[in-house]
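Me: I'm new to this one and want to learn how to read what is tucked inside. Can we go through it together?

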Amino acid sequence: MNCLICKNSITPFVDFGKMPIANGFLVQDQIKDEYFFSLKVAFCEHCKMVQLTEQPDREKMFHENYAFFSSTSEYMKLHFKDFANSVIKLQSLTKDSFVVEIGCNDGIMIQNFKNQDIGHLGVEPSKNVAAVAKEKGVNVVSEFFDVTLAKKIISEYKKADAILSANVMCHIPYMHSVFEGIKELLKEDGLFIFEDPYLGDIVEKNSFDQIYDEHVFYFSALSVSKLAEMHNLELVDTIKQSTHGGSMRYVIAHKGTKEVSQSVKSTIENEISLGLDNKKTFENFANNVANIKTDLHAILSDLKAKNKKVVAYGATSKSTTVTNYCNITPDLIEFVSDTTPIKQNKLTPGAHIPVLPYEEFRKAKPDFVLLFAWNHAKEIMSKEAEFMQSIGAQWIVYVPKVEILNP
Ligand code: SAH
Ligand code: TYD
């Protein structure tokens with residue numbers, strides 16, 4: 001196998017076994033045709049990129065029935081409003097400016113530019129979520145971003161003052177085409193700013209559930225700086241984010257056009273001290289993950305033996321890795337509660353646990369609640385504290401280790 005970035009040879013450090021599409025919620029009739037692939041992760045010792053060794057075709061993941069709607073979290077709405085406002089300030093954007101967002105989903109971030117009358121375009125291949133953004137009055141092109149689309153955008157619009165992307169770059173295996181597109185689309189003094197779940201947090205928190213089909217890359221400043229260099233671009237700033245269990249925002253400019261912030265150096269130094277440049281770190285991670293699998297299965301089996309009612313909260317993409325890798329079956333978890341209509345009354349991918357509307361969670365009065373949406377723990381635990389206390393229920397978490405928590 002060869003690295004998707006530098007083409008050197010790579011070998012996997014962890015194997016999660018056969019996995020379905022993480023957002024492939026399905027009904028009983030579809031089980032016989034369910035698609036599986038092999039979920040393995042490798043570290044490239046040469047360019048330091050951590051990556052999947054196999055990924056399903058993009059059309060299997062991003063289509064007119066895409067199940068992830070960004071605006072289900074109030075906290076994320078505020079996060080993206082702040083992100084947009086910080087870019088407006090940084091690049092002094094006006095109505096004559098042009099902002100492109102790659103993977104705008106239901107418009108959660110780009111709507112803030114539209115609302116302030118700033119020239120904008122969202123790129124979103126999944127047609128159902130793109131339609132929601134369009135309903136908000138946002139300009140959207142429903143295609144996959146790559147160098148071909150970048151050229152088309154330049155000819156139909158103009159070059160961009162800012163290109164933004166959140167939780168999307170890590171989804172795209174044809175990364176060189178994306179970077180070539182950015183190199184062309186970005187104005188001479190423009191900025192390309194993107195954020196994704198951060199490899200440093202994944203390693204520190206053992207958050208193995210960030211690993212699933214859509215996430216082909218697990219970025220660090222070490223790997224992103226090298227990738228940028230390959231396209232005569234430069235990583236000029238890194239800004240830590242608390243979202244999605246710990247993310248990093250990377251600011252990239254044409255080489256030599258902007259001052260490089262001190263934080264790039266300190267982030268890379270910190271990554272080296274964390275061992276993100278060393279394959280031993282990833283071998284340790286694989287051991288920790290195997291322990292979590294054993295512990296989580298043991299705790300759920302024990303609760304079942306004691307006849308406790310256990311449900312889960314948030315039918316996240318991440319939970320597809322947890323249920324399938326840890327062998328969590330419907331006899332261990334009665335159902336998963338989720339507020340997203342397209343996921344409700346379907347089965348979770350691979351493990352086939354029913355997904356029910358939130359109202360069922362309130363009715364069920366569980367003894368234990370496995371928090372799949374742990375990245376929204378602050379928001380969820382505070383809004384559910386009173387209810388959980390009133391029924392005497394407890395949370396189960398598995399990141400960074402398996403634990404039972406009082407609400
Ligand atoms: N930015 C949003 C959505 C993240 S989900 C947020 O942070 O909440 C990832 C999105 O990337 C999906 O909506 C998917 O359709 C989109 N996507 C996948 N490949 C893409 C590509 N090549 N170009 C643009 N968007 C892409
Ligand atoms: P999220 O963790 O954002 O993403 P991913 O799919 O990338 O792992 O998904 C959160 C899921 O949890 C989403 O399906 C909506 C659901 N959810 C609730 O049901 N209730 C809530 O209060 C929140 C915040 C999310």
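Me: Which residues of α8 are buried?

Reply: Buried means under 20% relative accessible area, with exposed over 50% and partly exposed in between (1.4 Å probe, protein chains only). In α8, that applies to Ala 221, Leu 222, Ser 223, Val 224, Ser 225, Leu 227 and Ala 228. So 7 of the 9 residues in this helix (221–229) are buried. Helices here are DSSP runs of H or I, at least four residues, and strands are E runs of at least two, numbered from the N terminus. This is a predicted model: local features need pLDDT of at least 70, side-chain atom pairs count only at pLDDT 80 or more, and totals for chains, interfaces and linings use all residues. Residues are numbered from 1 along each chain as its sequence is written, and side-chain values use heavy atoms, leaving out hydrogens and water.

Me: What covers the buried residues of α8?

Reply: The cover includes α6 (175–185), β8 (186–197), β10 (233–241), β11 (247–254) and α9 (262–274).

Me: And how do I read a nonpolar core?

Reply: In soluble globular proteins, nonpolar side chains tend to be buried together. A core is a set of buried Ala, Val, Leu, Ile, Met, Phe, Trp, Tyr and Cys residues joined through side-chain atoms within 4.5 Å. The largest one here has 111 residues, and Phe 16, Phe 208 and Tyr 398 are among those touching the most other members. Helix α10 (residues 279–305) gives the most to it, 9 residues. A second, separate core of 26 residues includes Leu 93 and Val 138.

Me: Why does Asn 206 count as buried?

Reply: Because its relative accessibility is 10%. Asn 206 sits in the loop between α7 (199–205) and β9 (217–218).

Terms used:
Chains lettered and ligands numbered in written order. Contact = heavy atoms within 4.5 Å.
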